[in-house]
Amino acid sequence: MLYQPTQDNIGFVRKVRRGLNGLGRSKKCCVCGKTFFRFSKYRGGWKAFSAYLHNQKWVGSDFDQFWCPFCRCHDRERHLLLFFGKLDYWKKMSGASILHFAPEKRLASRIEACRPARYVKGDLVPARGDVERLDVTDIPYAAAAFDWVFCNHVLEHVPDDAKALREIYRVLKPGGIAILQTPYASGLEKTLEDPAEIDTDEKRIEFYGQEDHVRLYGRDLFERIRGAGFTLQLKKHAECLPEIDASRFGVNREEPLFLCVKPQTDV
Ligand SMILES: [Zn+2]
């Protein structure tokens with residue numbers, strides 16, 4: 001007789017595994033503070049991703065150390081929390097006006113705790129009641145309305161990313177900061193986007209890394225961001241967070257912080 005797992009014993013097995021994992025001390029989540037043996041992989045981890053993405057040197061999430069097994073935060077949230085702490089950004093968010101696209105849950109909670117004067121969360125397809133329906137290519141807010149815009153892991157999904165960048169720039173105040181974390185391939189000079197050839201989920205996963213990505217950015221991503229008017233600073237993990245062991249804290253040491261500033265002179 002075949003063993004047929006039920007929802008109940010699947011849940012039990014998971015709980016036991018998580019409990020055993022929690023006995024470890026080698027990894028630590030900076031969001032929930034728990035320690036354990038290993039983070040959870042995303043879709044089978046790095047080895048499940050295509051040779052093309054490996055060869056082009058994908059820089060984005062760490063697929064081998066993706067979810068915290070306890071609070072389920074993503075590696076990119078952990079990395080942002082570490083960067084923001086180091087750069088003393090939480091204090092600056094107090095009383096500020098903030099627009100947050102595709103809001104990461106734990107990052108959003110941390111921002112709310114800073115008591116911003118205005119905090120708008122938006123998504124093209126809102127999954128929660130506190131998130132507005134917002135199109136990043138047509139933002140229904142006045143120019144210079146926000147001190148901060150967070151728009152992480154969004155541009156690679158947006159067909160007209162140049163328009164999205166122009167809109168983010170428009171709604172920022174002069175001197176305002178946009179954080180635009182975006183996966184790219186450091187070995188690729190020019191962005192790969194070919195909707196005529198790369199036209200199935202399988203091909204998009206192979207070449208873009210995910211079925212709902214519309215391109216694989218190359219190093220010209222930086223010029224695209226600057227082309228919208230931003231001053232772009234890529235803050236490297238090694239320089240900004242030298243005391244943070246990326247492997248222990250489950251973040252990708254190759255992923256820089258995309259710090260995009262609207263120049264003060266642009267009024
Ligand atoms: Zn956690």
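Which residue in β6 does aspartate 123 stand opposite? I looked this up before anything else, in what is a predicted model. Arginine 133 is the residue that stands opposite aspartate 123. The two strands concerned, β5 and β6, run parallel and are joined by 2 bridges.

**Entry: the sheet as a whole.** I next traced the strand order. The sheet is open and consists of 7 strands, in the order β6-β5-β4-β7-β8-β11-β10, with mixed pairing. I noted that β6 (132–133) and β10 (231–235) stand at the edges; each has a single partner strand, so one side of each is left without a neighbour in the sheet. As background, I recorded that strands of a sheet pair through backbone hydrogen bonds, either parallel or antiparallel.

**Entry: β4 and β5.** I then examined the pairing of β4 (residues 97–101) with β5 (residues 118–123). These strands run parallel, and 5 bridges join them. Within this pairing I found valine 120 of β5 as the bridge partner of leucine 99. I also followed the chain between the two strands: β4, helix α5 (residues 105–113) and β5 make a β-α-β unit, and the unit is right-handed.

**Entry: β8 and β11.** I turned to an antiparallel pair. Strand β8 (residues 172–179) is joined to strand β11 (residues 257–261) by 3 bridges. Here I located alanine 178 opposite cysteine 260 of β11.

**Entry: leucine 259.** I selected this residue because I wished to know its surroundings in strand β11, where it has its place. Why does leucine 259 count as partly exposed? I counted its C-beta neighbours inside 10 Å and obtained 19, so leucine 259 is classed as partly exposed, since a buried residue would need 20 or more. Setting aside residues up to four places away in sequence, I listed the contacts of leucine 259 as Ile177, Ile179, Gln233 and Lys235. I also checked threonine 231: it lies 28 residues from leucine 259 in sequence, with 8.2 Å between the C-alpha atoms.

**Entry: the nonpolar core.** Finally, I inspected the largest nonpolar core, which has 60 residues. The residues with the most contacts inside this core are Ile98, Val136, Trp148, Val149, Cys151, Ile168 and Ala178. Strand β7 (residues 146–151) supplies the largest share of the core, namely 5 residues. I looked more closely at isoleucine 168, which touches Val136, Val149, Cys151 and Ala178 when residues up to four places away in sequence are not counted. Ala178, noted above opposite cysteine 260, is thus entered again here among the contacts of isoleucine 168.

Notes. Residues are numbered from 1 along each chain as its sequence is written. This is a predicted model: local features need pLDDT of at least 70, side-chain atom pairs count only at pLDDT 80 or more; totals for chains, interfaces and linings use all residues. Two strands pair if DSSP finds at least two bridges between them. Helices (H or I, at least four residues) and strands (E, at least two) are DSSP runs, numbered from the N terminus. A crossover is right-handed if, with the strands pointing away from the viewer, the path from the first strand over the helix to the second runs clockwise. A residue is buried if 20 or more other C-beta atoms lie within 10 Å of its own, exposed if 12 or fewer, and partly exposed in between; C-beta atoms are placed from the backbone. Two residues are in contact if their C-beta atoms, placed from the backbone, lie within 7 Å. A nonpolar core is a set of buried Ala, Val, Leu, Ile, Met, Phe, Trp, Tyr and Cys residues joined through C-beta atoms within 7 Å.
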